Amino acid sequence: MAVGYNTISMGTGRPEFHPAKPRPGLEHYISEAGKAVIAGINQQGDLIDEAFIGNFQASLFNKQAHLGGFIPMIDPALAGKPAMRVEGACASGGLALASAIRSVLAGTGDVVLAMGVEVQNTLKAIYGADVLAAAGWYQKRKSGHAYFFPGQFSNRAGAYYERFGRDYTRKGLARWFKNAIENARLCPTAQEFENKVVDLEALALTEPNGKFFVDHLNVYDCSKVSDGASAILVLSEEGLKKCGINPEDAVEIAGWSQVARDITADPEDLTVMSATRLAVAKALKSAGISMNQVSTVETHDCFTIAGVLGVEAMGLAAHGQGAAFVADGATARDGVMPINTTGGLIGWGHPTGATGVHQAVTVWEQLTGKAGAAQIIINPDKPYALSINMGGDDVTVVAIVYKKNH
Amino acid sequence: METNIRLTNVAVLGAAGKMGSGIMLLTTMQLLDMKLSNQGESFSPVIQAIDPNLDTLRGLRKYLETQVLKAAEKKCVWLREVYKSEASLVDNSDFINRYVSDALSIVNFTQRLESAYDSYLVFEAASENPDLKVKLFTQIDQNSQREPWFFTNTSSIPIGYLDERSNLSGRLVGFHFYNPPAIQKLLELIPAKNTLPELATFAEQWAKALKKTVVISNDIAGFIGNGHFMRDLLYAISQMTKASRDFSIPASILMMDKISREYLVRPMGIFQLMDYVGIDVCQYILSVMDKFIPGKNLHSDFIDSLITMGVKGGQFPDGSQKDGIFKYAKGKIIAIWDPEAKQYANADEVIPVVDAWLGKMPEGIQPWQNVMKMANREDYLKKHFEILRNCSETGAVMALEYNSYSGKVGQALVDDGVAASTKDVNVVLTTGFFHSYGPVHSF
């Protein structure tokens, strides 16, 4: 995997964002990310064999389906090549990566473009919540919360509070928020890059208000509403050579997994993300490694509680110990396991269909030393990284293990 | 009669006007929310939105639709709860649209005053004309079998006077919203001496249901808000007149406006406020106060002359400021009316004169916007007045004189029995006029 690119994550928090003013649309983001990748292989767009574009709800946010048709718009050299949109809610970007990996493994392509895009700020949040609710089972929409997914994860947080303690948990969630914003401040494309709040944990401890939002989470516990695109190439070794990419500028895909949980069934235990746990275990097994060999993780913190539950799903902390693990700084950029080093979904942003690809780009940047101010030190004894991209409430999960090339 | 029965048929007179439309919005949503909250009981309110102008009535419908939609978007969590038994409502947009539709369905938009004959409650927001108000009350009351309770939005006319002339026998209360009613928190409640106690109690409860900050004023023309504002304005005009012996009238106007805005930390200067309210409205309020409070010379030849010259101020239907004593561009003062030249004088030419006369603005003085955000506003204001006291420049001296006069007006409102306390006076000025402090203070 090589030649990644993230556009800005556009939305509230960015100084150039104004809800009442015209903004770039899908075409802009697809074009910017795609052209940047092609520029990274010396404008040789003809070398790209196939493209997958992850997107969740352009059909409703932008009244635009059929996104595969936008791939040739990027570069005339892509005309006539296979291109298709893939969808798995917020894991759509992960599915684009998985599809690209399959294509390379199947030998149908040596150079495959994986892209993700979402433009969500076309709707007010209260209507956007309807659109995003489609990531859950529609039969549950009627009984669900106005802010459907915050409601789902509020229920998870409530269950976690009840079992392990409210104040204890909220401290962990507040630290997760602090880490996210501090990391985002190091990444110019992050939505929270300009965040100037001094006492982030105090802000994050704002009491949830169920009368206007959800019972157990506040807005700081939630990821952003974002517009943006990310793109990266998945290549065979032959593809790397064709494109003239040095191995040290690429990362190896050491293992991966893709799992789905029954969308019509409630989670057996709200304090456990079972599909994520399974996906991580499968990906690690596929790579033949353990978490002890992983230097950094990009995980799907659509909500702070998802971050804490993700830590437990990875086995970094025992059940109920995730909040303490986070609160103690273990997941901070200088902790034992730096997680979401450019802010994750809460700090960098969450253009839903792009998020999985954004995670891969971030990992690629970290493992190849291209992360700029956000760069962390990769221990040579731990050359692996992991990304976890989740769709819905722990329903579709794509986990990928990457290895630094020496 | 059960109060809920009174709420089943409500009329708003002047419904499509500036104040009426805000009252319509608040009343419509409150009645609908009551209906939705009490689904076990049979409560089907209707609101007669009465206005003689068909075009503005159409505008009212559009205004309600837009504003109710915005409100519904903010309370969708609650809407999903109260409409949960409606199987066809699934997405937020379904609930929101249903609420807007339900809100509009309880309003009867009409030009016919006869529609109020079956109302139990009548909210009057017609223009500030006692004869018109009396005519409306009398006609409705004479044709109604329901002994309606009347609420008037008058900001100056004594309630007892209107009650007596309309033969309402205590079925009238002053219910003075501030502009815009949907936003402004303050409501002056003015029971007349003979207002029925049960009406006064109901009015206070209703104001609180609308989430208003209620201040009770005695029934003396101008009440608390205009009682202070008009005297404050007359003081500014008298100081302006004095200054105009040495300076041009535009410079003198701008001087007093700057002192009241910047030195006294108010959201707008005194003459800009006059434009905001409408110079013709100010003239009318003064005439009412002068009539009912004789011997106090509550009158201004200067204001009369402005009206004669067609300089009226006021607002456009979208809320933007019309030109008055000042000319505005994007809300900013760009010129000042010169009554002698009968044309506007460019502000850029007047400002240097004003600044030179007032002297250097003392260091450390903060603008109103900053002060309103301060957690320790009281501490700042103590420091602010200390700075003014330690400054010998003309601007600071005049500001302290103005402040002192304003405080005396506030105290006089209590001494004259208009307000129950200086606290009430201060609440009106800080809540209704957004002053950063009340006029009666010890800073």
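This is a short chat about salt bridges and one strand hairpin in a predicted model.

Student: How many salt bridges are there over all chains?
Tutor: The count comes to 30.

Student: Ok, what does A:R156 pair with?
Tutor: The side chain of A:R156 meets that of A:D393 in a salt bridge, at 2.7 Å from N to O. A:R156 lies in helix α6 of chain A and A:D393 in the loop between β8 and β9 of that chain, so the pair ties together parts that are 237 residues apart in sequence.

Student: Buried or exposed, those two?
Tutor: Both A:R156 and A:D393 are buried.

Student: And where do A:K178 and A:E182 lie?
Tutor: Both are in helix α7 of chain A, four residues apart, which is about one turn of the helix. They form a salt bridge whose closest N and O atoms are 3.4 Å apart.

Student: Why does A:K178 count as partly exposed?
Tutor: Because its relative accessibility is 22%, and buried means under 20%.

Student: Which residues are linked with B:D91 in a network?
Tutor: A:D130 and A:R141; salt bridges link them with B:D91.

Student: New topic. Which way do the side chains point along strand β9 of chain B?
Tutor: They alternate. B:F326 and B:Y328 point to one face and are buried, while B:K327 and B:A329 point to the other and are not.

Student: What does B:F326 stand opposite?
Tutor: B:I336, in β10 of chain B. The strands β9 and β10 of chain B pair in the antiparallel sense over four bridges.

Student: What is between the strands of that hairpin?
Tutor: Two residues, and B:K330 in the hairpin takes a positive phi near 50°.

Methods:
Residues numbered from 1 in each chain as written. Chains lettered and ligands numbered in written order. Predicted model: local features only at pLDDT ≥ 70, side-chain atom pairs only at ≥ 80, totals over all residues. Heavy atoms only, no water. Buried < 20%, exposed > 50% of the residue type's maximum accessible area, 1.4 Å probe, protein only. Pairing = 2+ DSSP bridges. Salt bridge = Lys/Arg side-chain N within 4 Å of Asp/Glu carboxyl O.
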